[in-house]
Amino acid sequence: EGNGKLLFFKNDGTLWAQDLDLSRMELAGDPVRVAEHLGKNRVFGFFAVSESGNLIYRNGSGETFQMTWFGRNGRVGHAEGGPVNPHAPLTLSPDGTYIAIAKFDAGGVDVWRRDLARGSDQRLTSDPAIDSAPVWSRDGKRLAFCSARAGHYDLYEIAVSGEGHEDLLYRSRGDKCPTSWSRDGNFLLFNTATPGTSGDVWALPLEA
């Protein structure tokens, strides 16, 4: 019974609220802007409201992500490299000596490998399309990633050494994003949007 508030996020980085008749589940009145500068993507568009009505939101005015080490006690350590793609989490190699990351450089996004001991970066891909979401093979010798070279994200792999070509693993309609490699190396798990069931997890068989 009574009225509540419906909060919604717009692509211009603003947060809005509108009265909601809970008994009829109908909107009432005009929407009102309640916060600005939440950023233009879902990463920066985070917000939540407590039962007491307090609003918390993440400011996205800068929209820049930096790799940073944190200790087990929560203390901030040193930063690693330059700005990175916020939509592609960094991944540590199986032996913990390298980081694979999708990084902005010269107007593009490519897959890079960072040597943690030396603090040096090596670009692994250079296609004009966005290359993102690198995932390590279990032996640490290859990386699977997704690339929008065909107008949507397909699955590729490349040797971590940077030698050789980028090999297409799987192409289909719709976007796909790798998430993990099976322990035996025979399957690559990936997320994709499928008509009728929305987001799904699939397993791609790989050649031995």
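Mentor: A strand here is a DSSP run of E with at least two residues, and strands are numbered from the N terminus. The model is predicted.

Trainee: In which strand is Ala102 found, and is Ala102 buried or exposed?

Mentor: The cut-off for buried is under 20% relative accessible area. Ala102 has a relative accessibility of 0%, so the residue falls below that limit. The strand is S9, and Ala102 is buried.

Trainee: How far apart in space are Ala102 and Asp131, C-alpha to C-alpha?

Mentor: In sequence, Ala102 and Asp131 are separated by 29 residues. In space, their C-alpha atoms are apart by 6.8 Å.

Trainee: Which residues are linked with Asp131 in a network of salt bridges?

Mentor: Side chains of opposite charge can pair when their charged atoms come close. Asp131 belongs to a network of salt bridges. The other members are Asp127, Arg149 and Glu166.

Trainee: How many bridges pair S9 with strand S10?

Mentor: Strands of a sheet pair through backbone hydrogen bonds, either parallel or antiparallel. S9 and S10 (residues 108-115) pair in the antiparallel sense. Phe104 has Val109 of S10 opposite. The number of bridges between S9 and S10 is eight.

Trainee: Which residue in the turn between S9 and S10 has a positive phi?

Mentor: S9 and S10 form a hairpin, and two residues lie between the strands. The phi in question is about 55 degrees. The residue is Ala106.

Trainee: What about the other hairpin: which residue there takes a positive phi near 75 degrees?

Mentor: Strand S8 (residues 91-92) runs antiparallel to S9 (residues 98-105), joined by two bridges. Leu92 has Ile99 of S9 opposite. Five residues lie between the strands of this hairpin. The one with the positive phi is Gly96.

Trainee: Lys103 forms a salt bridge with which residue?

Mentor: The closest N and O atoms of the pair are 2.8 Å apart. The link joins distant parts of the chain, from Lys103 in strand S9 to a residue in strand S11 (residues 120-123), 18 residues away. The partner is Asp121.

Trainee: Why does Lys103 count as buried?

Mentor: A residue is buried when its relative accessible area is under 20%. Asp121, at 32% relative accessibility, is therefore partly exposed. Lys103 counts as buried because its relative accessible area is 9%.

Trainee: Which strands form the open sheet, and in what order?

Mentor: There are three strands, and their pairing is antiparallel. Strand S1 (3-9) and S3 are the edges, each pairing on one side only. Ignoring direction, neighbouring strands are turned against each other by 25 degrees on average. The order is S1-S2-S3.

Trainee: Which residue in S3 is the bridge partner of Trp16?

Mentor: Strand S2 (residues 15-21) and S3 run antiparallel and are joined by six bridges. The partner of Trp16 lies in S3. That partner is Arg33.

Trainee: How far apart are the closest N and O atoms of Asp19 and Lys5?

Mentor: Asp19 lies in strand S2 and Lys5 in strand S1, so their salt bridge ties together parts 14 residues apart in sequence. Asp19 is partly exposed at 30% relative accessibility, whereas Lys5 is exposed at 56%. The closest N and O atoms are apart by 2.6 Å.

Trainee: Which residue meets Arg142 in a salt bridge?

Mentor: The N to O distance is 3.4 Å. The pair links strand S13 (residues 142-147) to strand S15 (residues 167-170) across 25 residues of sequence. Arg142 is partly exposed at a relative accessible area of 24%, and the partner is partly exposed at 35%. The partner is Asp167.

Trainee: How many salt bridges does a search of the whole structure find?

Mentor: The pairs already discussed include Lys103 with Asp121 and Arg142 with Asp167. The search covers the whole structure, and the total is 12.

Trainee: Which residues form the nonpolar patch on the surface?

Mentor: Strand S3 (26-35) and strand S5 (55-57) each supply at least two of the residues. Leu55 lies in S5 and is partly exposed, with a relative accessible area of 34%. Together the patch residues have about 400 Å² of accessible area. They are Val32, Val34, Val49, Leu55 and Tyr57.

Conventions: Residues numbered from 1 in each chain as written. Predicted model: local features only at pLDDT ≥ 70, side-chain atom pairs only at ≥ 80, totals over all residues. Heavy atoms only, no water. Patch = residues over 30% accessible without salt bridge, like charges linked within 9 Å, V, L, I, M, F, W, Y side chains within 5 Å. Areas by Shrake-Rupley, 256 points an atom, 1.4 Å probe, with all protein chains shown as cover. Salt bridge = Lys/Arg side-chain N within 4 Å of Asp/Glu carboxyl O. Helix = DSSP H or I, 4+ residues; strand = E, 2+ residues; numbered from the N terminus. Buried < 20%, exposed > 50% of the residue type's maximum accessible area, 1.4 Å probe, protein only. Pairing = 2+ DSSP bridges. Axes fitted to C-alpha atoms, helices over the stretch in contact; angles between N-to-C directions.
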